[in-house]
Amino acid sequence: MRRLMTIMAFAGGLLGLGNYVWDGWTMASGERNLYVPSNIVSVLLLVIAGSVAATMLLRDHGRMIEEERKEYRATLALSIAALAILSSWILFRALKVA
């Protein structure tokens with residue numbers, strides 16, 4: 001479970017941030033822009049991974065071994081950091097387009 005959450009957070013961060021670093025890499029073959037669906041999937045992955053990691057830390061903190069705690073903390077930190085950066089990119093792009 002904890003490895004799945006880490007993978008989800010990492011995939012969500014790469015999907016969302018890669019969309020802005022390599023501008024438009026999510027363009028479909030028909031030149032259809034897939035920024036919005038890509039952002040939705042990325043935010044969902046990050047929120048799910050972060051909330052599950054936070055829930056597990058709060059619920060089972062006393063029964064976890066140290067390695068589990070470190071992995072859940074890292075997943076939570078990765079999710080929060082990627083969400084903050086992704087949100088700023090989304091806002092920047094929205095302001096730039098408007």
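Leu 44 is found in helix α2, where helices are DSSP runs of H or I, at least four residues long, numbered from the N terminus. We're working with a predicted model, so to speak: local features need pLDDT of at least 70, side-chain atom pairs count only at pLDDT 80 or more, and totals for chains, interfaces and linings use all residues. Residues are numbered from 1 along each chain as its sequence is written, and side-chain values use heavy atoms, with hydrogens and water left out.

**Exercise 1.** Find the residues of the largest nonpolar core, and the helices that supply them.

*Solution.* Start with the term: a nonpolar core is a set of buried Ala, Val, Leu, Ile, Met, Phe, Trp, Tyr and Cys residues joined through side-chain atoms within 4.5 Å; buried is under 20% relative accessible area with a 1.4 Å probe, protein chains only. Next, pick out the 9 residues: Met 5, Met 8, Ala 9, Tyr 20, Tyr 35, Leu 46, Ala 49, Ala 82 and Leu 86. Then sort by helix: α1 (2-21), α2 (35-60) and α3 (66-97) each give at least two. α1 gives the most, with 4 residues. Finally, look for a second, separate core: it has 5 residues, including Ala 53, Leu 57, Met 64 and Tyr 72.

**Exercise 2.** Is Ser 79 buried or exposed, and what is it in contact with?

*Solution.* First, place Ser 79: it lies in helix α3. Ser 79 counts as buried because its relative accessibility is 2%. Now list its contacts (heavy atoms within 4.5 Å): beyond neighbours within four places in sequence, Ser 79 touches Ala 9, Leu 46, Ala 49 and Gly 50. Last, turn to Ala 49: with the equivalent neighbours set aside, Ala 49 is in contact with Met 5, Met 8, Ala 9, Thr 75 and Ser 79.

Note on methods: Buried means under 20% relative accessible area, exposed over 50%, partly exposed in between (1.4 Å probe, protein chains only).
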